[in-house]
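Subject: Structure handover

Hello,

Here is the structure I promised you. Please open it alongside this note, and my findings follow below.

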Amino acid sequence: MNDLVHLAIIMDGNGRWAKRQGKERSFGHKEGAKKVREITKYAAKMGIKYLTLYAFSTENWNRPSKFSPSLQKEIAYAKEMTAHCTGLRQILAINYGAHDEILRAINKSLQVNGEITKEILESNLDTAGIPPVDVLIRTGGDCRLSNFLLWQAAYAELFFSKTLWPDFSVGELETIVSEYLQTERRFGGIV
Ligand code: IPE
Ligand code: IPE
Ligand code: MG
């Protein structure tokens, strides 16, 4: 059976969820944040070691401003308060884009003499030291990666759900995980 060490989620569909109820898009983002709590707790209970959540992309700056100083403070506070924790590691991808990340990693790698190896490049990614993605879920109905973890998800099992993120449930996650556990991962080889 497959191990599930690293789960990554593109939490899409928050704005549409709110609009459908005649509410502001920001209401959807608040509900989405509650969902993050629920799913994170559940992932920790399942023994998942890394949970990477796509919260805000480098391309999302094309939207009205979002990151107030008070929000930035809250994030710093949460980091400080959980620094001693040893269970699941929750990774928030904020102002993240894979193209930007890979370019920065290449430029850092160039400072080393000789050929850039896979190991050198990976040690300069934002996810240095974190194993590759096993399962990548995107909610919200679109089947694209939107510049998320393009390097790390090279052999990830992809799951696209029509559910809008605030409606995503532990039950749906369980269904995805049980399908993943039965998937034959070949990594280019044969069985
Ligand atoms: C994803 O939800 C979260 C962010 C990009 C911040 P959206 O805000 O993209 O919601 P939809 O996809 O428009 O419904
Ligand atoms: C992807 O959602 C980014 C996040 C969920 C943070 P987007 O809503 O930005 O993606 P596109 O624009 O539909 O590709
Ligand atoms: Mg979206």
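Start with helix α5. Lys118 and Glu122 both sit in this helix, 4 residues apart, or about one helical turn. Their side chains form a salt bridge, with the closest N and O atoms 3.4 Å apart. Glu122 is partly exposed, because its relative accessibility is 28%. Keep in mind throughout that this is a predicted model.

**Other salt bridges**

The total count is 11 salt bridges. Two others also lie within helices.

In helix α4, Arg104 bonds to Asp100, and the closest N and O atoms are 3.0 Å apart. The two residues are 4 apart in the helix, so about one turn separates them. Arg104 is partly exposed at 33% relative accessibility. Asp100 is also partly exposed, at 32%.

In helix α2, Glu38 meets Lys35 in a salt bridge with an N to O distance of 3.1 Å. They are 3 residues apart, which means about one helical turn. Is Lys35 buried or exposed? Lys35 is buried, because its relative accessible area is 11% and the cut-off for buried is under 20%. Glu38 has 35% relative accessibility, so Glu38 counts as partly exposed.

What does Lys35 touch, beyond its neighbours within four places in sequence? Its contacts are Trp165, Pro166 and Phe168. Lys73 is 38 residues away from Lys35 along the chain, and their C-alpha atoms are 21 Å apart.

There is also a network of salt bridges. It links Asp12, Arg16 and Arg138.

**The sheet**

Five strands make an open sheet, with parallel pairing. The order is β3-β2-β1-β4-β5. At the edges are β3 (89–96) and β5 (157–160), and each of them pairs on one side only. Neighbouring strands are turned by 20° against each other on average, direction ignored.

Strand β1 covers residues 6–10, and 5 of its 5 residues are buried. In a regular strand, side chains alternate between the two faces of the sheet. Both faces of β1 are covered. His6, Ala8 and Ile10 are on one side, Leu7 and Ile9 are on the other, and all are buried.

β1 has these partners:

- β2 pairs with β1 in the parallel sense, over 5 bridges. Here His6 has Tyr50 as its bridge partner.
- β4 runs parallel to β1, joined by 4 bridges. Here Ile10 has Arg138 as its bridge partner. Arg138 also belongs to the salt-bridge network above.

Further along, β4 (residues 135–138) pairs with β5 over 4 bridges, again parallel. Ile137 stands opposite Phe159 of β5.

**Two loop residues**

Phe67 lies in the loop between β2 (50–57) and α3 (69–81). Its relative accessible area is 22%, so Phe67 is partly exposed. Leaving aside neighbours within four places in sequence, Phe67 contacts Phe56, Trp61, Gln72, Ile75 and Ile94. Phe56 is 11 residues from Phe67 in sequence, and the C-alpha to C-alpha distance is 9.9 Å.

Leu110 lies in the loop between α4 (98–109) and α5 (118–123). Its relative accessibility is 55%, so Leu110 counts as exposed. Leu110 helps to make a nonpolar surface patch of about 340 Å². The other members of the patch are Leu103, Ile106 and Ile116.

Best wishes

Conventions
Residues numbered from 1 in each chain as written. Chains lettered and ligands numbered in written order. Predicted model: local features only at pLDDT ≥ 70, side-chain atom pairs only at ≥ 80, totals over all residues. Heavy atoms only, no water. Pairing = 2+ DSSP bridges. Axes fitted to C-alpha atoms, helices over the stretch in contact; angles between N-to-C directions. Patch = residues over 30% accessible without salt bridge, like charges linked within 9 Å, V, L, I, M, F, W, Y side chains within 5 Å. Areas by Shrake-Rupley, 256 points an atom, 1.4 Å probe, with all protein chains shown as cover. Salt bridge = Lys/Arg side-chain N within 4 Å of Asp/Glu carboxyl O. Buried < 20%, exposed > 50% of the residue type's maximum accessible area, 1.4 Å probe, protein only. Contact = heavy atoms within 4.5 Å.
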